[in-house]
Amino acid sequence: MTTGAPTPTYPARPRRSRVRTFLPLGIAAWLVLEIWLLTVVADATSGLLVFLLLLAGLVLGSVVIKRAGRRAFQALNEALQRGGTPASGGGNGLMMLGGLLIMLPGLISDAVGLLLLIPPVQKALSSYAERAFDRKLREATPGSFGDAYQQARMHRPDGKVVQGEVIRDEPGDAPEGPRPPLTR
């Protein structure tokens with residue numbers, strides 16, 4: 001039965017990027033591979049040795065993260081005392097990532113985390129990331145701050161846009177009086 005009313009046309013959904021499509025699959029494959037490798041090593045040696053390896057990875061990773069955090073904080077503190085900004089990260093971010101990967105249970109993540117602790121690898125990865133970031137910035141379309149604001153609006157599932165305004169009250173800024181209405 002038709003009523004003659006036109007069917008509502010909704011805007012076409014944007015295509016999902018390849019990363020959003022394949023990232024969950026990649027993470028699932030990585031987890032399966034980590035578990036499989038841990039069981040192979042446990043069968044070849046013993047479960048106690050695998051447990052001790054995982055425990056050692058947890059301790060080593062936490063030490064690496066703590067050391068990298070201290071180095072980053074010291075560099076920031078020294079730069080602020082000089083009155084400038086820190087020149088570069090000095091590999092602290094990659095060192096923290098390496099420590100985090102070492103802390104995760106698994107042998108593949110431990111190997112990748114240990115690789116990230118090697119200074120030539122850190123230097124190569126940071127230069128590659130900087131080039132990729134610069135290339136993405138050059139490819140980006142220029143826009144104004146207003147365009148960014150328009151893209152950051154909240155959309156409800158029914159397609160309506162939720163408009164809002166932030167009013168910041170700080171003591172001593174303005175006299176206490178009635179506020180204007182927030183309607184358009």
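Asp-110, in this predicted model, makes contact with Leu-101, Ile-102 and Leu-104 once residues up to four places away in sequence are set aside. The residue sits in helix α4, which covers residues 107-116. Asp-110 is buried and yet takes part in no salt bridge, since no such pairing is listed for it and the nearest side chain of opposite charge, that of Arg-67, is 17 Å away. For a salt bridge, a side-chain nitrogen of Lys or Arg would have to be within 4 Å of a carboxyl oxygen of Asp or Glu.

Leu-104, one of the residues that Asp-110 touches, also belongs to a nonpolar patch on the surface, where it is joined by Val-19, Leu-23, Ile-27, Trp-30, Leu-31, Leu-97 and Leu-100, the patch having about 680 Å² of accessible area together. Two or more residues of this patch are given by each of the helices α1 (18-44) and α3 (92-103), and the largest share, five residues, comes from α1. Ile-27 can serve as an example from that helix: its relative accessibility is 42%, so Ile-27 counts as partly exposed, a class that lies between buried, under 20%, and exposed, over 50%.

The surface also carries a patch of another kind, in which Arg-131, Arg-135, Lys-136 and Arg-138 gather as a group of positive charge. Of these residues, Arg-138 is placed in helix α5, which runs over residues 119-139. Its relative accessibility is 66%, and Arg-138 therefore counts as exposed.

How values were computed. Residues numbered from 1 in each chain as written. Predicted model: local features only at pLDDT ≥ 70, side-chain atom pairs only at ≥ 80, totals over all residues. Heavy atoms only, no water. Patch = residues over 30% accessible without salt bridge, like charges linked within 9 Å, V, L, I, M, F, W, Y side chains within 5 Å. Areas by Shrake-Rupley, 256 points an atom, 1.4 Å probe, with all protein chains shown as cover. Lys, Arg positive; Asp, Glu negative; His and termini not counted. Charge placed at Lys NZ, Arg CZ, Asp CG, Glu CD. Helix = DSSP H or I, 4+ residues; strand = E, 2+ residues; numbered from the N terminus. Buried < 20%, exposed > 50% of the residue type's maximum accessible area, 1.4 Å probe, protein only. Contact = heavy atoms within 4.5 Å.
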